[in-house]
Amino acid sequence: MKTDLFPLLAALTAQKFSGGIFLMAALVVVGLTTYLILTSRTREEKYAAKKRVYGLRARYFIGLSVILLVALVISLRFLPYERYQAKPDQTVTVVAMQWTWKMAAGSSDQTPLEFTGSNEISLPAGKNIRFVVASADVNHNFAIYNSQGVLVAQTQAMPGYRNELAYRFPEKGDYMVICLEYCGGPHTIMTGKIHAL
Ligand SMILES: [Cu+2]
């Protein structure tokens, strides 16, 4: 993402940003409706206010649709598909198992159980990394968090499947791998580390 273009947007997580927009839109609706009803006293006025609310609602709907359409077009370029289609600079095999991670550079023909790897790995920053994620036992979830504790990428780790996850570490630093699928008692100790160099 071009963070220099939208410094304020970059500082917010997507969840906080969409939550803020939802809150503002909801306040506009509640405020307008309350204003119209409070300023009408007689039955006729209330009826007229109701009609005006319906009229405003239609305009609000059209306005919101236009805003969402523009936002959709602008935000399309931030979607990860283009990055996913780009040829990966490096492939990393990831196997989840109760209750640790096995990670190693390169693709592997071994079964998830045979595969050997470490729960700590160093990867280049600014390169297209393709994680190939599998599980040696039950369902897990391979989730990568940055040093600020923000979830930056995740995919399910399932027995019998190889899920691919494309990610480019935007900056150097330590990233945390956490399992996001409850997989038994010591699930919370199932962590790993990625050093982006
Ligand atoms: Cu797990």
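Two strands count as paired if at least two bridges are found between them. Keep that in mind for the tour of this predicted model.

**Stop 1: a parallel pair**

Select strand E1, residues 90–97, and strand E4, residues 129–135. They run parallel and are joined by seven bridges. For one position in this pair, pick Thr-91: opposite this residue, in E4, stands Arg-130.

**Stop 2: the four-stranded sheet**

Now add strands E2 and E7 to the selection. The four strands form an open sheet in the order E2-E1-E4-E7, and the pairing is mixed. Which strands stand at the edges? They are E2 (100–105) and E7 (163–167); each has a single partner strand, so one side of each is left without a neighbour in the sheet. On average, and ignoring direction, neighbouring strands here are turned by 25° against each other.

**Stop 3: a cis peptide bond**

Go to the loop between E1 and E2, where Trp-99 is found. The peptide bond joining Gln-98 and Trp-99 is cis, with omega about -5°. Most peptide bonds are trans.

**Stop 4: the five-stranded sheet**

Clear the selection and show E3, E9, E8, E5 and E6. In that order the five strands make an open sheet, again with mixed pairing. Its edge strands are E3 (120–123) and E6 (151–157), each of which pairs on one side only. The average turn between neighbouring strands of this sheet, direction ignored, is 20°.

Strands of a sheet pair through backbone hydrogen bonds, either parallel or antiparallel. Two antiparallel pairs can be picked out here, and both include E5.

- Select E5 (residues 140–145) with E8 (residues 173–179): the two are antiparallel and pair over four bridges. The bridge partner of Phe-142 in E8 is Cys-179.
- Select E5 with E6: six bridges join these antiparallel strands. Here Ala-143 has Gln-154 of E6 as its bridge partner.

**Stop 5: the hairpin turn**

Stay with E5 and E6, which form a hairpin. How many residues lie between the two strands? There are five, and Gly-149 in the turn has a positive phi of about 80°. Most residues other than glycine have a negative phi.

**Stop 6: two packed helices**

Move to helix H2, residues 14–38, and helix H3, residues 43–75. Two packed helices are described by the angle between their axes and the distance between the axes. For H2 and H3 the angle is about 160° and the axes are 9 Å apart. Angles over 145 degrees count as roughly antiparallel, which makes H2 roughly antiparallel to H3. The crossing of the two helices is right-handed.

Next, show the side chains at the contact. From H2, these are Leu-32, Thr-33, Leu-36 and Ile-37; from H3, they are Ala-49, Arg-52, Val-53 and Leu-56. Six of the contact residues are nonpolar, one is polar and one is charged.

**Stop 7: the whole chain**

Finally, zoom out and colour the chain by domain. The domain assignment gives domain 1 as 7–78 and domain 2 as 88–196. Taken over C-alpha atoms, the centres of domain 1 and domain 2 are separated by 41 Å.

Methods
Residues numbered from 1 in each chain as written. Predicted model: local features only at pLDDT ≥ 70, side-chain atom pairs only at ≥ 80, totals over all residues. Axes fitted to C-alpha atoms, helices over the stretch in contact; angles between N-to-C directions. Parallel < 35°, antiparallel > 145°, perpendicular 65-115°, else oblique. Left-handed = near helix turned anticlockwise from the far one by under 90°. Contact = placed C-beta atoms within 7 Å. Nonpolar A, V, L, I, M, F, W, Y, C, P; charged D, E, K, R; others polar. Domains from an automatic or database assignment.
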